[in-house]
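These are my notebook entries on a single protein chain. I set out what I looked up, in the order in which I looked it up.

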Amino acid sequence: MTDTSKRDLARLLARVRRAIEDPASLVEHDRAALLGALTSAETHVAGSPMPWSLEIHIASVEHRHGLNHYVALTRAGLMAEVAAYCREGWTEISDPRDPATLDDEAVASVYFDIHENEHLSTDRIELGASPPVAGYLLETGWYCVLATAHLSTSTADLLDHWCSKEATDRPLNIASSIYGWFVPTRQIDPGTQDQLPAELLAAIRFGRERGFDHILFDCDAGTADGLPVHSW
């Protein structure tokens, strides 16, 4: 096996499984071929630290003492770690709900929405996928595409107005595209929230809770459940 792809490995594992389940059916020629394939795969993997890409989920919590970093293979596993942190400090936000009764995503959303001095950022990183360029790895990000129908016409006009201003004069650092806008999902500062329409805040929260660092609002995109839809 000269190229170890995920499909190659799956096929090899299936052959090994059949050999283990029914060793009597494996003739000497097939046994030698299977051992050769295993040796080839081991050699290829040993010569490359990452024979295929691996996606991991990461999170950073900014707080008054510094930074906490979390890493997991799944979004659920990541948010379980973040939620454990939130439940431990739940008394700091004076929320009457019992965090044990809320799921991990809800716990994190409530905690960081209320806590003024702490910020959560999440991301997904694909390891082994980006080749070195000029001595460093390309930086990547994640965004989701939502219909501009999730915004009212007045909010759309407001976004256009912000795009025409200097970046330092905008309450939110957005960018215009041909058919809509790029909007960051970073936690909004309490002093800025009053300047953002409710449906925009809801969309930002929607993207952030799902691990995206930006939203691309596009007039041709589909709508998502749980967000208001406006008729243009």
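Entry 1. I began with tyrosine 85 in this predicted model. I found a relative accessible area of 16% for tyrosine 85; since buried means under 20%, tyrosine 85 counts as buried. I then looked up tyrosine 111, which is likewise buried, at 1% relative accessibility.

Entry 2. I next asked how the rings of tyrosine 111 and phenylalanine 112 are arranged. Their centres are 5.0 Å apart and their planes stand at 80°, so I recorded the pair as edge-to-face. I noted that tyrosine 111 and phenylalanine 112 are both buried.

Entry 3. I listed the aromatic pairs and obtained a count of three. One of them joins tyrosine 85 and tyrosine 111, with 6.1 Å from centre to centre and 80° between the planes, and is edge-to-face. Tyrosine 85 belongs to helix α3 (residues 75–88) and tyrosine 111 to helix α4 (residues 104–114), so this pair ties together parts that are 26 residues apart in sequence. I therefore entered Tyr85, Tyr111 and Phe112 as a cluster linked by ring pairs.

Entry 4. I looked up a charge placed over a ring. The charged end of arginine 210 sits over the ring of phenylalanine 206, at 3.8 Å from the ring centre.

Entry 5. I turned to helix α5 (residues 153–163) and asked which of its residues are buried. I found Thr155, Ala156, Leu159 and Trp162 to be buried there. Viewed down the axis of α5, the buried residues fall within an arc of 120°, so they line one face of the helix. I recalled the general background: an α-helix has 3.6 residues a turn, so residues three or four places apart point the same way. On the face of α5 turned away from the buried side, I noted the exposed residues Ser154 and Asp157. I also asked what covers the buried residues of α5. The cover includes β8 (180–184) and α7 (198–209).

Entry 6. I closed with values for the protein chain as a whole. I counted seven helices and nine strands. Of the 232 residues in the chain, 36% are buried. The accessible surface comes to about 13,900 Å², and carbon and sulfur atoms account for 54% of this surface. Finally, I took the contacts between residues at least 6 apart in sequence and found that 60% of these contacts join residues at least 24 apart.

Methods: Residues are numbered from 1 along each chain as its sequence is written. This is a predicted model: local features need pLDDT of at least 70, side-chain atom pairs count only at pLDDT 80 or more; totals for chains, interfaces and linings use all residues. Side-chain values use heavy atoms; hydrogens and water are left out. Rings of Phe, Tyr and Trp (its six-membered ring) pair if their centres lie within 6.5 Å; planes under 30 degrees apart count as stacked, over 60 as edge-to-face and the rest as tilted. Helices (H or I, at least four residues) and strands (E, at least two) are DSSP runs, numbered from the N terminus. Buried means under 20% relative accessible area, exposed over 50%, partly exposed in between (1.4 Å probe, protein chains only). A charge sits over a ring if NZ of Lys or CZ of Arg is within 6 Å of the ring centre and within 35 degrees of the ring normal. Contact means heavy atoms within 4.5 Å. Accessible areas come from the Shrake-Rupley method with a 1.4 Å probe; for residues, only the protein chains shown count as cover. The arc is that of the directions from the helix axis to the C-beta atoms.
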